[in-house]
Amino acid sequence: MMIINLLGLVLIALIVWWFWLYKPNKTIVQDNEVLIEVKDGVYSPSSIQVSASQPVTLKFMRKDQSPCAETMLIPSLEISEQLKLNEITQITLLNLSAGEHEFHCQMQMYRGVLKVV
C-alpha cells in the first residue's frame, strides 16, 4: 500500500513539473525563419525569440499523427492554421510589436511561446 501511495505522489510531481514548472530552452531566431517540429506531444523548439519589426517565418513540420496536432493557434494574432502531416506549413509574420504570443493546439496540450523583443 505504501508503494502505491509513493508512486502516486511521484506521478503527481511529474505532472506538475511537466505542465507548470518545465521551461524549455529559448531559440533565438537570427535568419528570420525557424523550423518547428510537431511530434511526441510537443513543439520543438517551443520558446522562440524574434526581433520586433522584422518579418519572421515560422515553419511547422507536423510529424505527430494525433488529431490534436492538426491545428495550431496563435490567439493574440488571430491565427489558426491546419498543419498537414509530414509537410511544412509556413506562417509569415510581419511587423510584430514587442511582447509574448502563445501558440498551441486547439486543446492546449501542445504549447509554445513566441517572444518578440
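User: How many salt bridges does the count come to here?
Analyst: Four salt bridges. Keep in mind that this is a predicted model. One of the bridges joins Lys-59 and Glu-33.

User: What makes Lys-59 and Glu-33 a salt bridge?
Analyst: The distance does it. The closest N and O atoms of Lys-59 and Glu-33 are 3.1 Å apart, and the rule asks for a Lys or Arg side-chain nitrogen within 4 Å of a carboxyl oxygen of Asp or Glu. So the pair passes. Lys-59 sits in strand β5 and Glu-33 in strand β2, so the bridge ties together parts 26 residues apart in sequence.

User: Why does Lys-59 get its burial label, and why does Glu-33 get its own?
Analyst: Check them against the cut-offs. Lys-59 has a relative accessible area of 19%, and buried means under 20%, so Lys-59 is called buried. Glu-33 comes out at 38%, in between the 20% and 50% limits, so Glu-33 is partly exposed.

User: How do you know that Glu-102 and Arg-111 form a salt bridge?
Analyst: Their closest N and O atoms are 3.5 Å apart, and the limit is 4 Å, so this pair counts too. Both ends are partly exposed: Glu-102 at 43% and Arg-111 at 41%. Salt bridges with shared partners also join Glu-37, Lys-39 and Lys-63 into one network. Within that network, Glu-37 and Lys-39 meet at 3.7 Å, N to O. Glu-37 has 23% relative accessible area and Lys-39 has 34%, so each is partly exposed.

User: Moving to rings: how many aromatic pairs does the rule give?
Analyst: Four aromatic pairs. Among them is Tyr-43 with Phe-60, whose centres are 5.9 Å apart and whose planes meet at 75°.

User: Why is the Tyr-43 and Phe-60 pair called what it is, given its planes?
Analyst: The centres at 5.9 Å fall within the 6.5 Å limit, and planes over 60 degrees apart count as edge-to-face. With 75° between the planes, the pair is therefore edge-to-face. This pair links distant parts of the chain, with Tyr-43 in strand β3 and Phe-60 in strand β5, 17 residues apart. Tyr-43 has 3% relative accessible area and Phe-60 has 0%, and both are buried.

User: What makes Phe-60 and Phe-103 a pair, and of which kind?
Analyst: The reasoning runs along similar lines. Their centres are 5.9 Å apart and their planes at 80°, against limits of 6.5 Å and 60 degrees, so this is an edge-to-face pair. Phe-60 in strand β5 and Phe-103 in strand β9 are 43 residues apart. Phe-103 is buried as well, at 1%. Tyr-43, Phe-60, Phe-103 and Tyr-110 form one aromatic cluster.

User: Which residues have the most contacts inside the largest nonpolar core?
Analyst: Tyr-43, Leu-58, Phe-60 and Met-72, in a core of 24 residues. The elements giving two or more residues to this core are β2, β4, β5, β6, β8 and β10. Beyond its sequence neighbours within four places, Met-72 is in contact with residues including Tyr-43, Phe-60, Leu-83 and Phe-103.

User: Is Leu-83 buried or exposed?
Analyst: Leu-83 has a relative accessible area of 1%, and the cut-off is 20%, so Leu-83 is buried. Leu-83 lies in the loop between β7 and β8. Setting aside residues up to four places away in sequence, Leu-83 touches several others, including Val-38, Phe-60, Ala-69 and Met-72. The C-alpha atoms of Leu-83 and Ala-69 are 7.4 Å apart, with the two positions 14 residues apart in sequence numbering.

User: Is Asn-86 buried or exposed?
Analyst: Asn-86 is at 54%, and exposed means over 50%, so Asn-86 is exposed. Asn-86 sits in the loop between β7 and β8 and has a positive phi of about 60° although it is not a glycine. Asn-95 has a positive phi too, about 50°, and lies in the loop between β8 and β9. At 63%, Asn-95 counts as exposed.

User: What is the peptide bond from Ser-44 to Pro-45 like?
Analyst: That bond is cis, with omega near 0°. Pro-45 is in the loop between β3 and β4.

Conventions
Residues numbered from 1 in each chain as written. Predicted model: local features only at pLDDT ≥ 70, side-chain atom pairs only at ≥ 80, totals over all residues. Heavy atoms only, no water. Phe/Tyr/Trp six-rings, centres within 6.5 Å; stacked < 30°, edge-to-face > 60°. Helix = DSSP H or I, 4+ residues; strand = E, 2+ residues; numbered from the N terminus. Buried < 20%, exposed > 50% of the residue type's maximum accessible area, 1.4 Å probe, protein only. Core = buried A, V, L, I, M, F, W, Y, C linked by side-chain atoms within 4.5 Å. Contact = heavy atoms within 4.5 Å.
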